[in-house]
Amino acid sequence: MGLENLLLGFQIAVTPFNIFVAVVGVLLGTIIGVLPGLGGANGVAILLPLTFTMPPTSAIILLTSIYWGALFGGAITSVLFNIPGEPWSVATTFDGYPLAKQGQGGQALTAAFTSSFVGAFFSIVLITFFAPLLAEVALRFGPPEFFAIQLLTFSSFVGLGGGNPLKSLASILVGFLLASVGLDIVTGQLRLTFGFTDLMKGFDFIVAVIGLFGIGEILLSVEEGLRFEGAQARLNPRVVFQTWRILPRYARTFVRGSLIGFWMGFKPGGATPASFMSYAFAKRFSRHPERFGKGEIEGIVAPETAAHAAGVAAMLPMITLGIPGSPTAAVMLGGLIIWGLQPGPMLFKDRPDFVWGLIASMYTGNVIGVLMVLTMVPLFAAILRVPFAILTPLIVFVCAIGAYAVHTSMIDIWYMLIFGVVGYVFKKLDYPLAPLVLALVLGDMSENALRQSLIMSQGSLAIFATRPIAAAITAAALILFALPLVAALRRRGWGLASTVGPSAAPHGP
């Protein structure tokens with residue numbers, strides 16, 4: 001029955017008009033993903049009025065194609081300029097940008113786009129065959145389970161990050177501190193505003209990321225001295241096929257990233273923590289963890305696969321339950337209601353043509369998207385040949401536009417510059433930025449989930465031990481938090497044994 005419905009969906013999705021709509025949507029989405037501060041959700045919201053006169057199936061194909069394009073486009077500036085176009089592209093900068101600086105931008109982009117395709121395709125297949133069952137599983141998640149998953153995400157950076165765990169923990173705490181600035185949505189109290197009304201709305205994640213990574217990297221480049229010659233980027237049109245020969249060796253990373261991303265995609269904002277968690281696991285289980293952060297392809301494969309798997313999985317609760325799993329899905333949910341459709345389980349029975357047309361369009365949109373961006377890899381890589389001293393003013397200008405576009409407020413540009421200095425200081429002191437960014441993203445959600453859980457249990461932390469799913473995830477998180485301490489004790493024990501052992505041995509005459 002599922003295959004018959006899918007064939008019905010393909011009959012709708014591959015009509016000439018819907019294919020044209022998908023191509024236009026992917027192109028627009030890629031442009032939107034490249035522009036920092038705009039993002040898929042804003043792009044879909046801006047273009048939503050254009051769909052009011054279209055048939056609902058064609059309209060949702062256009063919006064989802066914009067979403068796929070934004071997912072692909074977010075990796076472009078992350079790799080080329082160290083500026084994440086989307087929140088989930090932050091982890092891609094860790095190894096993508098170093099590869100680009102080494103003149104291998106084409107290889108990095110090919111790995112990112114291919115990983116994105118694999119992760120999205122994995123999620124689409126699972127949605128096709130297991131949508132109702134997976135929706136029932138998602139219904140069992142409440143505030144305790146959401147908090148436990150977010151705790152697991154933070155613990156993966158402390159326990160699996162591979163760097164100094166104390167610095168990672170300090171970075172997380174700074175992120176939580178920044179996330180708490182503004183209005184407390186539970187009590188209505190102002191926190192850490194110090195009398196400044198502009199701080200009431202807190203710090204927007206996009207503004208912070210643009211400053212921390214984009215402006216921070218530019219400050220480092222200025223310190224090192226701006227060069228008036230471009231990178232020796234290899235403009236080999238066969239770079240795509242050459243990179244594909246390498247990627248099969250990361251099969252485990254593809255599978256692990258897809259599973260992490262699909263599982264995290266059910267939760268609001270799941271793509272960003274999924275990319276960070278996948279990166280941390282890839283580094284932990286790699287044979288060469290010391291290469292991460294210096295231009296390791298696996299460091300691109302892991303976050304891109306997970307982010308796209310999560311981005312697609314976020315559509316599942318919207319279709320089956322009427323609960324959006326991401327900001328973009330929330331905008332699409334509004335579109336469904338405007339078109340006279342009621343999201344939920346009955347949608348599969350009332351409008352099978354719409355549901356299966358949408359699912360089939362996920363396949364076609366993903367294929368169209370990856371083909372479009374892969375054909376343009378040499379063109380994107382050629383940008384690196386432009387001297388960085390010439391690109392710097394343009395990058396600063398684009399960053400300023402992106403920061404201003406978030407709230408159309410001049411204060412965000414000042415925040416961007418301040419975060420740029422913070423990013424510069426963190427890099428000079430060798431403090432990781434990733435945990436700070438993750439805490440800034442998940443700070444509000446984690447706090448709300450924790451407080452809702454304590455309200456449910458009347459203040460008892462036992463709720464995280466009495467609910468089976470929450471208990472299992474919390475236990476895994478605590479184990480990861482304890483890993484660095486256990487490793488330190490073992491090293492200390494071995495050091496003592498090696499020191500005491502020979503001296504304690506009896507000496508012969």
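**Helices, cores and two unusual loop residues**

T110 lies in helix α6, which covers residues 105-139. The model here is a predicted one, and T110 makes a handy way into it. With a relative accessible area of 0%, T110 is buried, because anything under 20% counts that way. Setting aside residues up to four places away in sequence, T110 touches V239, V240, T243, W244, L374 and V377.

Stepping back, what is the chain built from? The protein has 23 helices and two strands. Of its 509 residues, 55% are buried. Contacts also reach well along the sequence: among those with a separation of 6 or more, 79% link residues 24 or more positions apart. As for the outside, the protein exposes about 22300 Å², and carbon and sulfur atoms supply 70% of that area.

Next comes the interior. In soluble globular proteins, nonpolar side chains tend to be buried together. In this model, the largest nonpolar core has 71 residues, and the ones with the most contacts inside it are V90, F94, F113, F213, F276, M416 and V437. Which helix gives the most to this core? That is helix α9 (residues 205-224), with 10 residues. A second core, separate from the largest one, has 68 residues, with V21, F281, I319 and W339 among them. Back in the largest core, F113 is one of the residues with the most contacts. Leaving out residues up to four places away in sequence, F113 touches F72, A75, I76, V370, V373, L374, V377 and F380. Two of these names, L374 and V377, also turn up among the contacts of T110.

Two other buried residues give a view from other helices. L71 is found in helix α4, which runs over residues 56-81. Is L71 buried or exposed? Its relative accessible area is 1%, so L71 is buried. Leaving aside neighbours within four places in sequence, L71 is in contact with W88 and H308. L71 and V26 are 45 residues apart along the chain, yet their C-alpha atoms are separated by 9.6 Å. Q150, in turn, has its place in helix α7, residues 143-160. At 10% relative accessibility, Q150 counts as buried, because the cut-off is under 20%. Not counting residues up to four places away in sequence, Q150 touches L442, M445, S446 and A449.

Helix α13 offers a look at how helices pack, with one contact to α5 and another to α12. Helix α5 (residues 90-101) and helix α13 (residues 298-313) pack at an angle of about 145°, and their axes are 8 Å apart. This crossing of α5 and α13 is left-handed. On the α5 side, the contact is made by A91, T92, D95, G96 and L99, while α13 brings in G299, I300, P303 and E304. Sorted by class, the contact of α5 with α13 has four nonpolar, three polar and two charged residues.

Then there is the packing of α13 with helix α12, residues 271-285. Here the angle is about 150°, again with the axes 8 Å apart. Which hand does the crossing of α12 and α13 have? It is right-handed. From α12 come A271, A274, S275, S278, Y279 and A282, and from α13 come E298, G299, A302, P303, A306, A307, A310 and G311. By class, the contact of α12 with α13 has nine nonpolar, four polar and one charged residues. G299 and P303 of α13 are named in the contact with α5 and also in the contact with α12.

Finally, two loop residues catch the eye for their backbone. Where is D430? It is found in the loop between α20 (411-428) and α21 (434-456). Phi of D430 is near 65°, a positive value in a residue other than glycine. D430 is exposed, because its relative accessible area of 57% is over the 50% cut-off. On the other side of α21, Q458 is found in the loop between α21 and α22 (463-466). Phi of Q458 is also positive, near 60°, and Q458 is likewise a residue other than glycine. At 78% relative accessibility, Q458 counts as exposed.

Terms used:
Residues are numbered from 1 along each chain as its sequence is written. This is a predicted model: local features need pLDDT of at least 70, side-chain atom pairs count only at pLDDT 80 or more; totals for chains, interfaces and linings use all residues. Side-chain values use heavy atoms; hydrogens and water are left out. Helices (H or I, at least four residues) and strands (E, at least two) are DSSP runs, numbered from the N terminus. Buried means under 20% relative accessible area, exposed over 50%, partly exposed in between (1.4 Å probe, protein chains only). Contact means heavy atoms within 4.5 Å. A nonpolar core is a set of buried Ala, Val, Leu, Ile, Met, Phe, Trp, Tyr and Cys residues joined through side-chain atoms within 4.5 Å. Accessible areas come from the Shrake-Rupley method with a 1.4 Å probe; for residues, only the protein chains shown count as cover. Axes are lines fitted to C-alpha atoms, for helices over the stretch in contact, and angles run from 0 to 180 degrees between N-to-C directions. A crossing is left-handed if the near helix is turned anticlockwise from the far one by less than a right angle, and right-handed if clockwise. Ala, Val, Leu, Ile, Met, Phe, Trp, Tyr, Cys and Pro count as nonpolar, Asp, Glu, Lys and Arg as charged, and the others, Gly among them, as polar.
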